[in-house]
Amino acid sequence: MLQLPKTCYIGVALAALATPTCASEMFANDSPWMLGDWGGTRTRLLEQGYDFTLGYTGEMGSNLHGGYDHDRTARYSDQFTFGSHLDLDKILGWHDTEVQLTITERHGDNISNDRINDPRVGGFTSAQEVWGRGETWRLTQMWIKQKYFDGALDVKFGRFGEGEDFNSFPCDFQNLAFCGSQVGNWVGGIWYNWPVSQWALRVRYNLSPTLYAQVGVFEQNPSNLESGNGFKLSGSGTQGAVMPVELVWSPRVKGLKGEYRAGYYYSNAKAHDVLKDSNGQPAALSGGAYRSSSSKHGVWLGAQQQVTALASDHSRGLSLFANATMHDKKTNVIDNYVQAGLVFKGPFDARAKDDIGFALARVHVNPGYRKNARLANQAAGLDDYDNPGFLPVQDTEYSAELYYGIHVANWLTVRPNLQYIRHPGGVSQVDGALVGGLKIQSSF
């Protein structure tokens, strides 16, 4: 019988303890914290500028059908987040100044690694987005933010990831293709999403109450990805910089919120060609080193718009979203990605804070990368997919997810979900996979 980690049962245990008591008490439904308000202490600290948080995200995935390995099992992965946000205006009188410090810890296993994807090439999406970047502790945020000119100019400096400000997107879905900054998922070698941090500077200017432009400079240092460097502060190993620029428009359409993003990133570090050597010939045949390019770049578009609402409660209603990214074909495995979906909040009067989400995604492999795999097999004299030495040719991966978010309490949401991945890892020989998932999000 499968034995899951004890953390898998946290959601069930906490739900049983949730009672409609005073918000200051432990396990109260209407409290934002599981451990309550500490007799009013947390509220007083907030009023004084001190906000301390402890968050937990746990995700289970089980291969119900298909995938690379049909042996059914389940995997569990999770993350603890320890954060503090300081309002230095209230604490020290420093006008419009904030400080954020966050430490995270991840551990567990991912069903995608050994059941869904062909391990010879791996996959693109992940059925458990919280898994990744090593089972380790990390300094995920350490930044100071200062506003100038009555808030028109916003400057942030320290250690954080690109997706915190650029190409940002919520993370309620469990499949990685629908969670967080998508640029970081498809150029992860240079764009580091949560929980990895690097030295960075972000400057934002509010052009109007609904429109702002921002630009950033982020250290491109692959050593920050290593598990043993979770608290590294030195710049050793830096190869260059990633420079994103973005325009963000947040209009209200008939009183309903929307957000539209358009951005571009440029890396000045050297990047390797996916196909050719320095002489312009296929490196898989010549045996030469893949030629290097002096830069790497790409663009993204994103849209979120609420389209319906109840007259009595605008927080309930239907919202639509879509995201797309395009990347340098010379140097990147993925050349484009598209995603679209919907979220309905408050589907039933009796469950006004529940939500339902559904989304579809397509991840497309660069034709040059596919050609390189074919030539590598040709050079090795291999044409049988079942041969262990054969390099599977990757093309297009499709993902879908349907979830129902159960708002157990203000501090606990549980989201059971079903995912379907067609051609996992873009390998057509791998059977389509049906994955059952469960996502737990809690604040202590």
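Arginine 115 has a relative accessibility of 11% and therefore counts as buried, where buried means under 20% relative accessible area, exposed over 50% and partly exposed in between, with a 1.4 Å probe and protein chains only. The model is a predicted one, in which local features need a pLDDT of at least 70 and side-chain atom pairs count only at pLDDT 80 or more, while totals for chains, interfaces and linings use all residues. Residues are numbered from 1 along each chain as its sequence is written, and side-chain values use heavy atoms, with hydrogens and water left out.

**Exercise 1. A pair across the chain**

Task: Find the residue whose side chain meets that of arginine 115 in a salt bridge, and state where the two partners sit.

Solution: Begin with the criterion, which asks for a side-chain nitrogen of Lys or Arg within 4 Å of a carboxyl oxygen of Asp or Glu. Arginine 115 meets this criterion with aspartate 69, at 3.5 Å from N to O. Next, place both residues: arginine 115 belongs to helix α4 (residues 111-116), whereas aspartate 69 lies in the loop between β1 (50-67) and β2 (74-87), so that the pair links distant parts of the chain, 46 residues apart. Here helices (H or I, at least four residues) and strands (E, at least two) are DSSP runs, numbered from the N terminus. Finally, aspartate 69 is partly exposed, because its relative accessibility is 27%.

**Exercise 2. More charged pairs**

Task: How many salt bridges does a search of the whole structure find, and which residues pair with lysine 156 and with arginine 415?

Solution: The search finds 21 salt bridges. As a general background, side chains of opposite charge can pair when their charged atoms come close. Lysine 156 pairs with aspartate 165 at 2.8 Å, N to O, and both partners are buried, lysine 156 at 3% and aspartate 165 at 5%. These two residues also belong to a network of salt bridges that links Asp154, Lys156, Glu164, Asp165, Arg202 and Arg204. Arginine 415 pairs with aspartate 172, and their closest N and O atoms are 3.7 Å apart. That second pair again links distant parts of the chain, since arginine 415 is in strand β18 (residues 412-422) and aspartate 172 is in the loop between β5 (153-160) and α5 (182-186), 243 residues apart. Arginine 415 is buried at 7%, while aspartate 172 is partly exposed at 28%.

**Exercise 3. The disulfide**

Task: Which two cysteines are joined by a disulfide, and are they buried or partly exposed?

Solution: A disulfide is counted where two cysteine sulfur atoms lie within 2.5 Å, and a search of the whole structure finds 1. It joins cysteine 171 to cysteine 179, with 1.5 Å from S to S, and the link is left-handed, with -65° about the S-S bond. Turning to accessibility, cysteine 171 is partly exposed at 25%, whereas cysteine 179 is buried at 4%.

**Exercise 4. Reading helix α7**

Task: Describe the length of helix α7, what lies at its two ends, and which of its residues are buried.

Solution: Start with the length: α7 (residues 367-380) has 14 residues and reaches 20 Å from its first C-alpha to its last, close to the 20 Å expected at 1.5 Å a residue, the expected span being 1.5 Å times one less than the number of residues. At the N-terminal end, asparagine 366 acts as a cap, with a side-chain oxygen 3.0 Å from the backbone nitrogen of glycine 368. Just after the helix, glycine 381 takes a positive phi of about 70°. The buried residues are Gly368, Arg370, Asn372, Ala373, Leu375 and Asn377, and their cover includes β11 (271-277), α6 (283-286), β12 (290-293) and β16 (355-365).

**Exercise 5. The whole chain**

Task: Decide whether the radius of gyration agrees with or departs from that of a compact globule, and state what share of the residues is buried.

Solution: For 444 residues, a compact globule would have a radius of gyration near 22 Å, and the chain has 23 Å, which agrees; the radius is taken over C-alpha atoms, and the globule rule is 2.2 Å times the number of residues to the power 0.38. The C-alpha trace spans about 70 × 55 × 45 Å along its principal axes. Of the 444 residues, 50% count as buried, and the secondary structure comes to 7 helices and 19 strands.

How values were computed:
Contact = heavy atoms within 4.5 Å. Polar contact = N/O pair within 3.5 Å; in protein donor to acceptor, adjacent residues only side chain to side chain.
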